[in-house]
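I opened my notebook for another look through a model. Here is what I looked up, in the order I went.

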Amino acid sequence: MERERVYLPVLSRVAVCGGTHGNELSGVHVVRERLKEKQQRVDDEEDEDVVSVSNILTNPRAVQQCRRYTETDLNRCFTRATLSSAVSDRTPYEISRSQELNILLGPKGSPQAVDLVCDLHNTTANMGVCVIAYSDTDWICLHIFKYLQHHMSDVPVRYIHFDLPCREAYSLDSLGKHGFALEIGPQPHGVVRSNVYTYMKTGVELMLDWVRLFNSGTVFAGGLVEVYTMVSAIDYPRERHTHNIMAAIHPELQDKDFCLLRPNDPLFETFSGATLRYQGPEPMYAFFINECAYYEKGIALSLARRRSVEVPPVQMKSGLEHPGDPGTSEEEEEED
Amino acid sequence: MSSNNVASFNEARRVAIFGGTHGNEMSGVTLVNLWMMNSREEIQRKGVETQPFITNPKAVEKCSRYVDTDLNRAFTTENLSAPHGKDLPYEVQRAQEINRLFGPKGSSEAYDVIFDLHNTTSNMGCTLILESSKDHFNLQMMNYIKKAIAPDSCPVLLNEDPGLKYATARSVAKHSVGLEVGPQPQGVLRSNIFEAMRIILKHALDFIELFNEGVEFPPCTVDVFKVSERMDYPRDSNGNIIAMVHPNLQDCDWEPLTPGDPMFQTFDGKTIPYEGAGAVYPTFINEAAYYEKQQAFVTTRRETLAANAIRKV
């Protein structure tokens with residue numbers, strides 16, 4: 001028996017963000033290209049839409065230097081504490097920038113915040129296309145994910161849930177009423193791979209197609225989706241004094257993101273050739289395997305549990321709904 | 001093409017292995033740190049003093065390619081002869097120090113062989129980089145390595161055109177050998193890449209040991225890819241790239257690229273074809289560090305070099 005339809009407010013304002021990490025180049029170029037295309041439409045006077053989309057390079061200084069960040073990781077600067085901290089001329093650039101972005105796209109948690117933030121990221125891990133969000137009950141994010149997964153059939157598309165309450169959410173996408181990161185790999189930092197760029201551009205366009213359909217009253221059918229909920233992370237074995245890593249991700253695990261890691265499976269290979277094995281009590285799904293930027297955060301790989309979530313049918317709240325409206329039809333059919 | 005001449009060289013007694021010339025190329029950093037902190041049996045050979053060395057420690061500390069300027073372009077005559085001083089860019093100071101320890105470049109006191117360990121984001125496999133087509137010692141070494149790892153391949157990249165070659169850290173030695181292994185993202189250590197580099201180095205050191213023991217290596221030929229031209233990305237008037245390496249070319253290092261083949265793809269999806277005079281063999285395709293050097297890939301042409309027989313003096 002299908003779940004009852006959920007009515008959700010229109011998504012009037014969407015922000016597409018790139019360059020939050022300045023060396024994750026697909027997002028940088030997608031945003032630049034979208035800004036160019038938008039200017040072209042303005043020039044051609046073709047700029048009407050059922051949604052207002054802002055395309056933003058969020059960390060221009062890091063983009064200019066082609067570095068992840070200049071002083072501190074911008075994508076950890078969106079906690080309520082950081083957003084409300086006092087600034088001086090000694091405040092790291094990224095903290096000032098997070099507060100500017102909060103004014104531009106937020107304020108976080110307020111009715112003025114943009115409806116949806118899509119933050120574009122790349123990873124050196126072989127993760128395919130991932131939608132990463134703080135919630136497994138945000139039906140907007142889950143429906144967008146379902147739509148992307150349906151329409152992007154030549155690449156795996158997965159949903160990763162970081163189970164953190166709002167007040168602890170630290171990333172840029174938490175500024176909007178709804179938000180998610182679109183994380184695509186593998187791509188080395190500082191490189192743009194054409195296939196990865198194309199997946200990202202397509203993903204953004206599909207997301208906006210969904211938003212336009214939603215804003216036009218389309219009913220989206222519900223269904224079951226698989227969600228990977230992040231549980232823990234494992235660091236590299238390190239030398240006590242230098243803190244240098246003493247092993248690499250095992251060749252049998254390298255590039256196997258979303259494989260099921262069972263107790264005793266190979267995890268690392270030391271430089272003298274010994275295999276170190278997974279000692280956890282339960283099998284878990286491994287992801288962010290060998291992400292470059294996580295060496296300094298003490299993460300060699302992350303672990304998740306997987307489960308199915310039942311996503312209800314959704315429709316934009318128009319204010320005209322009555323109890324007992326007809327049940328949902330297939331996606332993209334208009335309501336009578 | 002064989003020759004009756006046997007080229008004689010002194011024993012290679014002093015050998016250095018450089019890691020961290022680019023601080024974010026992790027295989028070399030890891031291998032050299034390993035050997036500097038633990039026993040060096042793996043790299044020891046009879047009669048050879050093998051010195052592992054981190055050439056750019058500040059860049060390694062920051063996990064960045066360089067601090068002020070690219071160390072692997074810094075060994076110019078001008079830099080090496082500049083008056084010493086703390087005002088010099090960090091890497092120029094390092095170049096002078098390295099030249100003092102392992103050179104002086106061009107002198108008889110210089111180290112016999114330097115292996116410089118590098119990684120690339122390009123799909124180049126295990127590439128050996130040669131700076132002179134007339135270094136018969138190096139050619140024989142490369143022939144030895146290629147045979148030792150067959151059927152796996154080990155392309156040899158020859159970069160000796162004065163307009164295209166650059167003043168590398170390893171150039172202070174009498175015989176300079178670049179090891180370039182990829183694909184590996186900067187800042188990442190991949191186990192398979194690490195092991196591949198280790199194996200190449202093992203064979204190279206075995207060759208040196210055999211040579212020093214008096215083995216004569218008969219004449220041979222070595223197929224090489226000779227650097228021909230640098231190709232930049234198409235750019236706009238602000239210098240930003242407006243296209244990417246085409247999906248058909250991405251990861252196709254060492255495969256022929258013929259006129260008309262797709263080369264770049266613009267951000268709005270158009271294909272830009274290669275329009276050279278004939279077929280070339282591209283490499284260093286989409287190397288992260290070369291965006292700022294205005295290089296999307298280099299073209300090479302295949303050549304066969306002849307090496308004389310060699311033995312020690």
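What percentage of the 336 residues in chain A is buried? I got 56%, taking buried as under 20% relative accessible area with a 1.4 Å probe and protein chains only.

A note to self on the ground rules: this is a predicted model, where local features need pLDDT of at least 70 and side-chain atom pairs count only at pLDDT 80 or more, while totals for chains, interfaces and linings use all residues. Residues are numbered from 1 along each chain as its sequence is written, chains are lettered from A and ligands numbered from 1 in the order written, and side-chain values use heavy atoms, without hydrogens and water.

Next I checked the overall form of chain A. Its radius of gyration, taken over C-alpha atoms, is 21 Å, which agrees with the value near 20 Å for a compact globule of 336 residues; that rule is 2.2 Å times the number of residues to the power 0.38. The C-alpha atoms fill a box of roughly 70 × 55 × 40 Å along the principal axes.

I then turned to contacts (heavy atoms within 4.5 Å). In chain A, 76% of those with a separation of 6 or more are between residues 24 or more positions apart.

My last stop was chain B, at strand 2, residues 14–19 (strands are DSSP runs of E, at least two residues, numbered from the N terminus). Five of its six residues are buried, so the strand is largely enclosed by the rest of the structure. Six bridges join strand 2 to strand 3 (residues 49–54) of chain B, and the two run parallel; pairing takes at least two DSSP bridges. There I found B:Phe18 opposite B:Phe53 of strand 3.

Note on methods
Buried means under 20% relative accessible area, exposed over 50%, partly exposed in between (1.4 Å probe, protein chains only). Helices (H or I, at least four residues) and strands (E, at least two) are DSSP runs, numbered from the N terminus.
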